[in-house]
Amino acid sequence: VATIWQDPFCGDGTCNEPIEFPSFGRFGCQADCGQDPTTEDVLVRIQASFYYDQLDTAEMYALADTASWNLCRTKAAGGEDCWFEEPAHFNSLSSVKLVDVSIPPGI
């Protein structure tokens, strides 16, 4: 039986849209479709403080250890697409993170 349909895979030399698309961040297929030329650079500032006058230091660190962050968008069909594969964690009781991302318009 001859193969009629094969799932496209990133790196086969052909950009098979809409399954493959120009890349941005960790999304898309740069090997076949290149870099998305419409992206905009965005600087995101994430600030957290786990100081709370009714907790002792160990409790504040325990609270900070449970906190994490990521940059996500909710998909129309449910679920999320997140910029980072794994959430990032805070490493101090008070921190500021600056994250440079290049995103396509409308995200």
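The dialogue below takes a reader through several features of a predicted model.

Biologist: How many salt bridges does a search of the whole structure find?

Modeller: A salt bridge pairs a side-chain nitrogen of Lys or Arg with a carboxyl oxygen of Asp or Glu, within 4 Å. In this structure, the search finds one. The partners are Arg73 and Asp81, whose closest N and O atoms are 3.4 Å apart.

Biologist: Are Arg73 and Asp81 buried or exposed?

Modeller: A residue is called buried under 20% relative accessible area and exposed over 50%, with partly exposed in between. Arg73 has a relative accessible area of 39%, so Arg73 is partly exposed. Asp81 has a value of 22% and is therefore partly exposed as well.

Biologist: How much space lies in the largest pocket, and which residues are the closest to its centre?

Modeller: The largest pocket holds about 340 Å³ of space. It is lined by 16 residues, and the closest to the centre are Phe24, Arg73, Trp83, Ile103 and Ile107. Arg73 thus appears again, having been met as the partner of Asp81 in the salt bridge.

Biologist: Which elements give two or more residues to the lining of the largest pocket?

Modeller: Four strands do this: β1 (40-49), β3 (72-74), β4 (80-82) and β6 (94-103). By residue class, the lining of this pocket has 13 nonpolar residues, three charged residues and no polar residues.

Biologist: Which residues form a nonpolar patch on the surface?

Modeller: A patch of this kind joins nonpolar side chains within 5 Å, taken from residues with over 30% relative accessible area and no salt bridge. Here Ile4, Trp5 and Ile19 form such a patch, and together they have about 450 Å² of accessible area. Trp5 lies in the segment before α1 (30-33). With a relative accessible area of 61%, Trp5 counts as exposed because the cut-off for that word is over 50%.

Biologist: Where is the cis peptide bond that involves Pro18?

Modeller: The bond runs from Glu17 to Pro18, and its omega is near 5°. Pro18 is placed in the segment before α1. Glu17 also allows a comparison of sequence with space: Glu17 and Cys33 are 16 residues apart in sequence, and their C-alpha atoms are 8.8 Å apart.

Biologist: Where is Cys33 found, and is Cys33 buried or exposed?

Modeller: Cys33 belongs to helix α1. Its relative accessible area is 16%, which means that Cys33 is buried.

Biologist: What separates the C-alpha atoms of Glu40 and Ser102?

Modeller: Separation along the chain and separation in space are two readings of one pair. Glu40 and Ser102 are 62 residues apart along the chain, while their C-alpha atoms are separated by 5.2 Å. Glu40 is placed in strand β1 and is partly exposed, with a relative accessible area of 45%.

Biologist: What separates the C-alpha atoms of Pro87 and Thr14?

Modeller: For Pro87 and Thr14, 73 residues apart along the chain, the C-alpha separation is 32 Å. Pro87 sits in the loop between β4 and β5 (88-89). Its relative accessibility is 39%, so Pro87 counts as partly exposed.

Technical notes:
Residues numbered from 1 in each chain as written. Predicted model: local features only at pLDDT ≥ 70, side-chain atom pairs only at ≥ 80, totals over all residues. Heavy atoms only, no water. Patch = residues over 30% accessible without salt bridge, like charges linked within 9 Å, V, L, I, M, F, W, Y side chains within 5 Å. Areas by Shrake-Rupley, 256 points an atom, 1.4 Å probe, with all protein chains shown as cover. Buried < 20%, exposed > 50% of the residue type's maximum accessible area, 1.4 Å probe, protein only. 1 Å grid on protein atoms, 1.4 Å probe; cavity = no way out; pocket = protein on both sides within 12 Å on 5 of 7 lines; lining within 4 Å. Points joined across faces, edges and corners; volume = space filled by probe spheres on them. Nonpolar A, V, L, I, M, F, W, Y, C, P; charged D, E, K, R; others polar.
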